[in-house]
Amino acid sequence: MIANLEFDNFTAFEKLDLSLSPRINVIIGSNGTGKTHLLKAIYALGLIVDGKYPERSETGFAATTSGKFLRIFSTEGDRVGMLASKSARAPANLRLVHSDDSSIKVTFNGRSQYLEFASRNAASKPVYIPTKEVLSLVRGIRHSDHDRATVEMIFDDSYLNLAELLVQPVFDEKRSDSREDPRLSNVIRKLVDLVGGRYCLQNDGGFNFEPGRYEEVEKPKTDPSRSDSQTARAYQDSKLTRFRSEDDQAFPTAMTAEGYRKIGVLHRLLSNGSINPGETGVLLWDEPEANLNPRLMKELVQVLLELSRNGQQIILATHDYVLLKWLDLLMDKTGKEDHVRFHVLQRNDGDKAISIYSTDEYEQLVTTGISKTFGELYEAEIERSLKGIEL
């Protein structure tokens, strides 16, 4: 778990000290306040692992890791100094502290070519889901005939890394010997029910949408994982969850709604273990509401809450009032011990610096641009209604 995040003189952030919830964190802010930079910085720091590459010197490690750090931000230059605050005289510092007090810290200045490491303890690798859906892009990103340099000019490494995770086989594909995680059975079923099917990897490296649903079937009596020793476990241990196709014809991914594809991404990451609550690192999701039908938002929030209850730390960035409100309405602070922390990024009127405040109370978000906009819409609707009455 990530407990704290500290920035000095990094991109738009002169100073940032962020205490994170072990469950769900929501980054809120207008365009240009650094929401995506914040998520990408957490992701890039989380990918830095302990130890050196066996064949590389300390300088070689710094060069390789700095290159990967830059690839997350898709900068056109080859110096990490490009990410330092332009007006700052002091060096840039980024520090990520985990709940066990281990940390990752890097420093650099405007002239630096490579990151300097103050500490780099090992951590569970994070998963980053960018704003744009990726399922329809996987074949093009990974195609052997496509020039890698050109692909990297179009997509930053958050897309390329996610593409590699998505092609891993899910628990009920023939190529996989992994077993379904019983904690996630309901979540996986809900995601498939939301879109009416699942996305399956094809031999050409792309995905097709297969209509259908999950159902429980009997395990073979010879299955070593089946146990009848306890009544409470007998039902769970004697059942398998398997996908049943409801149509002979699958559809190309591009023929399905983009919002459905985003649900499909989460389904595959959960089904193949790329997201495994309590084992894998933080889930970072940039604008999960983008191109998603508002009708699906309630169910998506329920899924995110269920993941957090199973030990998955989540950090979202959003502009969406509906997503925020469903989090407020659906979280159960007493029965389920749900916890959502809201972090609001704002640009100061005077010096244009980015400031942040955090709160665990939804009611304290009334000053955000999102709330103000919906308040103005509501007031405009009332005003129009009153004019109609006067006529």
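**Close-up 1. L83 is a buried loop residue.** At 5% relative accessibility, L83 counts as buried, because the cut-off for that label is under 20% relative accessible area. This is a predicted model, and L83 is found in its loop between α2 (58–73) and β4 (92–98). Look for F10 in the same view: L83 and F10 are 73 residues apart in sequence, yet their C-alpha atoms are 6.1 Å apart in space.

**Close-up 2. Strands β1 and β2 make a hairpin.** Here you can follow strand β1 (residues 2–10) as it pairs with strand β2 (residues 13–19) in the antiparallel sense, over 6 bridges. To get your bearings, find D8, which stands opposite K15 in β2. The hairpin formed by β1 and β2 has 2 residues between the strands. T11 sits in that turn and has a positive phi of about 45°.

**Close-up 3. An open sheet of 6 strands.** Reading across the sheet, the order is β7-β12-β13-β3-β14-β15, and the pairing is mixed. The edges are held by β7 (127–129) and β15 (354–359). Each of these has a single partner strand, so one side of each is left without a neighbour in the sheet. Neighbouring strands are turned by 15° against each other on average, direction ignored. Within the sheet, strand β12 (residues 283–286) and strand β13 (residues 314–318) run parallel and are joined by 4 bridges. A handy landmark is D286, which stands opposite A317 in β13.

**Close-up 4. Helices α1 and α9 pack on the sheet.** Staying with the strand pair β12 and β13, which 4 bridges join, we can now add the helices. Helix α1 (residues 35–46) packs on the sheet and touches β3 (24–29), β7, β12, β13 and β14 (340–347). The direction of α1 makes about 155° with that of β12. Helix α9 packs on the sheet as well, touching β3, β12 and β13. The direction of α9 makes about 150° with that of β13.

**Close-up 5. L304 is a buried residue of helix α9.** L304 lies in helix α9 and is buried, with a relative accessible area of 0%. Which residues does L304 contact, leaving aside its neighbours within four places in sequence? They are I24, W285, I314 and L316. Of these partners, I314 is 10 residues from L304 along the chain, and the C-alpha atoms of the two are separated by 7.9 Å.

**Close-up 6. Helix α6 packs against helix α9.** Two packed helices are described by the angle between their axes and the distance between the axes. Helix α6 (residues 185–195) and α9 pack at an angle of about 165°, with their axes 10 Å apart. The pair is therefore roughly antiparallel, since angles over 145 degrees count as such. Their crossing is left-handed. On the α6 side you will find V187, K190, L191 and L194, which meet E299, Q302, V303, E306 and L307 in α9.

**Close-up 7. Helix α6 also packs against helix α8.** The axes of α6 and helix α8 (residues 258–271) come within 10 Å and cross at roughly 155°. That makes α6 roughly antiparallel to α8. The crossing of α6 and α8 is left-handed. From α6, the contact uses V187, I188, L191, V192, L194 and V195. From α8, the partners are Y260, I263, L266, H267, L270 and S271.

**Close-up 8. The largest nonpolar core and another core apart from it.** The largest nonpolar core has 60 residues, and L166, L266 and L270 touch the most other members. Helix α9 (residues 297–309) provides the largest share of this core, 7 residues. Another core lies apart from it, with 38 residues that include L18, L20, F73 and L115. Back in the largest core, try centring the view on L166. Leaving aside neighbours within four places in sequence, L166 is in contact with V134, L135, V138, F207, V265, R268, L269 and N272.

**Overview. The whole protein chain, for orientation.** The protein chain contains 11 helices and 15 strands. How much of the chain is buried? Buried residues make up 47% of its 391 residues. Among contacts with a separation of 6 or more, 69% come from residues 24 or more positions apart.

Note on methods: Residues are numbered from 1 along each chain as its sequence is written. This is a predicted model: local features need pLDDT of at least 70, side-chain atom pairs count only at pLDDT 80 or more; totals for chains, interfaces and linings use all residues. Side-chain values use heavy atoms; hydrogens and water are left out. A nonpolar core is a set of buried Ala, Val, Leu, Ile, Met, Phe, Trp, Tyr and Cys residues joined through side-chain atoms within 4.5 Å. Buried means under 20% relative accessible area, exposed over 50%, partly exposed in between (1.4 Å probe, protein chains only). Contact means heavy atoms within 4.5 Å. Two strands pair if DSSP finds at least two bridges between them. Axes are lines fitted to C-alpha atoms, for helices over the stretch in contact, and angles run from 0 to 180 degrees between N-to-C directions. Angles under 35 degrees count as roughly parallel, over 145 as roughly antiparallel, 65 to 115 as roughly perpendicular and the rest as oblique. A crossing is left-handed if the near helix is turned anticlockwise from the far one by less than a right angle, and right-handed if clockwise.
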